[in-house]
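Subject: Structure for you to look at

Dear colleague,

I am handing over the structure below, followed by an account of what was found in it. Please read the text with the structure open beside you.

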Amino acid sequence: MTAAEDSSRRGMAVGKAWLGALILSLAISAVGLPVTMAAEPTARQVSKVVVGPPPLSAPRQYSSPPASARPQAKPRKPAKIKLQRNAKGDYTWDLTGENVDELLQIDRRLRKAFVPQEEAGASR
């Protein structure tokens, strides 16, 4: 037998040994895992022995919630005034908005500005 053949056979033997060890460890894992999973929960628990002071943990970092999660105040929509003048020179208007009190206040101001006082008193 030559040295090259001897080396080749040793390499094959070592490879077969590693393959056998791998198959054996996989077989033990495959059989042991279901057995461990089927065991009672108390049998699976491992007691933890603590020696010395507990490890120091880093202080918790709290971040502010994202801007989309914060409640936002809705901006008030302004009242819309559509002012019109007819052929006789009189004014009319359409008011739209969310706040009724604000609309009434605007209407009073518009009446004072555009409706002559003798007509306002006669209509009441």
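For the aromatic pairs described here, the rings of Phe, Tyr and Trp (its six-membered ring) count as paired if their centres lie within 6.5 Å, and a pair is called tilted when its planes are neither under 30 degrees apart, which would be stacked, nor over 60, which would be edge-to-face. Please keep in mind throughout that this is a predicted model.

A search of the whole structure with that criterion returns two aromatic pairs. In one of them, the ring centres of tyrosine 91 and phenylalanine 114 are 4.5 Å apart and the planes meet at 45 degrees, so this pair is tilted. Because tyrosine 91 belongs to strand S2 (residues 91-96) and phenylalanine 114 to helix H3 (residues 100-114), the pair ties together parts that are 23 residues apart in sequence. Both residues are partly exposed, tyrosine 91 with a relative accessible area of 30% and phenylalanine 114 likewise at 30%.

Phenylalanine 114 also forms an aromatic pair with tryptophan 93, again tilted, with 6.4 Å from centre to centre and 45 degrees between the planes. This pair, too, links distant parts of the chain, since tryptophan 93 sits in strand S2 and phenylalanine 114 in helix H3, 21 residues apart. Tryptophan 93 is buried, its relative accessible area being 17%. Through these ring pairs, Tyr91, Trp93 and Phe114 are linked into a cluster.

As for the setting of that cluster, the protein has four helices and two strands, which follow the pattern α-α-β-β-α-α when read along the sequence. Buried residues make up 4% of the 124 residues, and the protein exposes about 11,900 Å², of which carbon and sulfur atoms supply 60%. Among contacts between residues at least 6 apart in sequence, 14% join residues at least 24 apart.

Helix H3, which carries phenylalanine 114, can be described in further detail. With 15 residues at 1.5 Å a residue, H3 should span 21 Å, and its end C-alpha atoms are indeed 21 Å apart, which agrees. Its buried residues are Leu103, Ile106, Asp107 and Leu110; seen down the axis of H3, the buried residues fall within an arc of 105 degrees, so they line one face of the helix. On the other side of H3, Asp101, Arg108, Arg109 and Lys112 are exposed. What covers the buried residues of H3 includes strand S1 (80-85) and strand S2. At the start of H3, a side-chain oxygen of asparagine 99 comes to within 3.2 Å of the backbone nitrogen of aspartate 101.

One residue on the buried list may merit a separate look in the viewer. Aspartate 107, which lies in helix H3, has a relative accessible area of 18% and therefore counts as buried, the cut-off being under 20%. If its neighbours within four places in sequence are left aside, aspartate 107 is in contact with Trp93 and Leu95. Trp93 thus appears twice in this account, as a contact of aspartate 107 and as a ring partner of phenylalanine 114.

With best regards

How values were computed: Residues are numbered from 1 along each chain as its sequence is written. This is a predicted model: local features need pLDDT of at least 70, side-chain atom pairs count only at pLDDT 80 or more; totals for chains, interfaces and linings use all residues. Side-chain values use heavy atoms; hydrogens and water are left out. Buried means under 20% relative accessible area, exposed over 50%, partly exposed in between (1.4 Å probe, protein chains only). Contact means heavy atoms within 4.5 Å. Accessible areas come from the Shrake-Rupley method with a 1.4 Å probe; for residues, only the protein chains shown count as cover. The expected span of a helix is 1.5 Å times one less than its number of residues. The arc is that of the directions from the helix axis to the C-beta atoms. A polar contact is a pair of N or O atoms within 3.5 Å; within protein, one must be able to donate a hydrogen and the other to accept it, and residues adjacent in sequence count only if both atoms are side-chain atoms.
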